[in-house]
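Here are a few short exercises to work through with the coordinates open. Try each task yourself before you read its solution.

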Amino acid sequence: MRTAYRVETVRAAEAALMARLPEDALMQRAAAGLAAACCSLLGKGRVYGARVVLLVGSGDNGGDALYAGARLARRGAGVTAVLLGDRAHEGGLAALRAAGGRVVDSAHDDPFEPLAAADLVLDGITGIGGRGGLRPDAVPVARAARGSDAVVVAVDLPSGVDADTGEVTGEALRADVTVTFGTYKPGLLVDPARSYAGALRLVDIGLGGELPGVADLEALQHQDVARLLPVPGTESDKYRRGVLGVVAGSARYPGAAVLAVEGALRGGAGAVRYVGPAADAVIAAHPETLVHPGPPDRAGRVQAWVVGPGLGDEPGVAEVLASDVPVLVDADGLRGIEPALVRARSAPTLLTPHAGEAAALLGTTREEVEAGRLAAVRELAARFGATVLLKGSTTLVCGAGAAAGGAVRVNPTGTGWLATAGSGDVLSGLAGSLLAAGLRPVDAASCAAYLHGLAARRASGGGPVTAGEVAGALGGAWRDVTAGRL
């Protein structure tokens, strides 16, 4: 599992570790890892003679860049440091000069000449405490770096992005690779900042023992998902595996019901009970479905409900929320839903809005939700007392208990091609099936998002994909994840 910690936590861990180490030892560890990453990016045999430019601010990231530049210079690279702050790390400057590096002060010298010929640029302008984008004097230099043919490597975090929230409120320097130290920072895993980070590389500097057990952000990996997914035993039957009720679809949107049911069936549900006006379409596509004219409380026993995909103005939301089993509410089911109704439930609730739906629930704009996704998902979970899966370029899952400061999960799988009609209906059915199997809402949502994104990658192959194709690839994605499970 990848974990990420806020700046305050990282700095406290660094301070505790530095108290036991010689001066600058931690920075030297970071610089060694940074230099090694740069060598691998330049390629075998290409460090000698390579042209490297360091963009150096006044913080510790500038010091990391200077010490890494000194190591590269000692290996034969031509290294130029462009100073952008009112001061620079003295030890790092001395090390670079001693190794034969060149220093350019942007206030008096031309910073653009070395950038035009650079093979690699190290972005050490601002550190993890930076807020509000780049300073105006750094913007032209950052633009020149991004406009060059050089590989841009961010030191710990791309300059101009918010390490804690992933927000980008001004100009920022987009990196090809980010080399981060000690632990991931939330902004590296959450859009919009994530899109500025490029490929991520983590350098171990010994912080592990100083970091708390509960992270601010978690990203599941294959082995984590494999441990959580249900496995039928020899005693299993369709009822023990979990029966999911689905209230979805309408005369206008029958396909939403079909896709939600398919997501549930391919997500391991022992049986699916469908209630709604799209019964004919559902049976035609999935004859194994148990259909009922409704209302939901007369459809038969279920272990969980999904309500909302393509529902339009059809009834069913209030009746499902009145049940005593876990409920997933999506799409049309979210329209006008009241926090008090959700909070009064005796069983867990999982809400799965996209940014527009989240904005309506919060009384804000879609743009504000997308700019501050972490804040939005926490606010929704706190307001409704529910687990929230916020869909989008970065899918986030916040448990009701995490709203007060626990770990939020970020989904690392997916593809831009997943932004297609019906894909959310498949996700709802899949997550609902995992709820019916007995997973906690936060685990059901996280595993469903992971498998959904993985299936989309498999089905897409780098090109357009339909929601039905994503559903069809879920079995393969499930097998990929559980292949190594004992």
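The exercises below use a predicted model and go from an enclosed space to a strand and then to two serines.

**Exercise 1. Find out which residues line the largest cavity, and sort them by character.**

Solution. Rolling a probe the size of a water molecule over the atoms shows where empty space is left. Start with the count: there is one cavity of 30 Å³ or more. Next, take the volume of the largest cavity, which is about 60 Å³. Now list its lining: Glu-218, Ala-219, Leu-220, Thr-395, Val-397, Arg-409, Val-410, Asn-411, Pro-412, Ser-446 and Tyr-450. Two or more of these residues come from each of strand E9 (217-219), strand E18 (408-410) and helix H18 (441-460). Finally, sort the lining by character: six residues are nonpolar, three are polar and two are charged.

**Exercise 2. Decide how strand E7 is covered, and work out which strands pair with E7.**

Solution. Begin with burial: E7 spans residues 177-181, and five of its five residues are buried. In a regular strand the side chains alternate between the two faces of the sheet. Then split E7 by face: Val-177, Val-179 and Phe-181 lie on one side, Thr-178 and Thr-180 lie on the other, and both faces are covered. For the pairing, look at strand E6 (residues 151-155), which runs parallel to E7 and is joined to it by three bridges. Here Ala-154 is opposite Thr-178. Strand E8 (residues 199-203) also runs parallel to E7, with five bridges between them. In that pairing, Val-179 has Arg-201 as its bridge partner.

**Exercise 3. Establish whether Ser-159 is buried or exposed, and name the polar partner of its side chain.**

Solution. First locate Ser-159: it sits in the loop between E6 and E7. Its relative accessibility is 0%, so Ser-159 counts as buried. Next, follow its side chain, which makes a polar contact with the side chain of Asp-123 at 2.6 Å. Beyond its neighbours within four places in sequence, Ser-159 is in contact with residues including Ile-125, Thr-126, Leu-134, Ala-172 and Leu-173.

**Exercise 4. Do the same for Ser-460: is it buried or exposed, and what does its side chain reach?**

Solution. Ser-460 belongs to helix H18. The cut-off for buried is under 20% relative accessible area. Ser-460 has 11% relative accessibility and therefore counts as buried. Its side chain reaches the backbone nitrogen of Gly-462 at 3.1 Å. Not counting residues up to four places away in sequence, Ser-460 touches Trp-417 and Val-465.

How values were computed: Residues numbered from 1 in each chain as written. Predicted model: local features only at pLDDT ≥ 70, side-chain atom pairs only at ≥ 80, totals over all residues. Heavy atoms only, no water. 1 Å grid on protein atoms, 1.4 Å probe; cavity = no way out; pocket = protein on both sides within 12 Å on 5 of 7 lines; lining within 4 Å. Points joined across faces, edges and corners; volume = space filled by probe spheres on them. Helix = DSSP H or I, 4+ residues; strand = E, 2+ residues; numbered from the N terminus. Nonpolar A, V, L, I, M, F, W, Y, C, P; charged D, E, K, R; others polar. Buried < 20%, exposed > 50% of the residue type's maximum accessible area, 1.4 Å probe, protein only. Pairing = 2+ DSSP bridges. Polar contact = N/O pair within 3.5 Å; in protein donor to acceptor, adjacent residues only side chain to side chain. Contact = heavy atoms within 4.5 Å.
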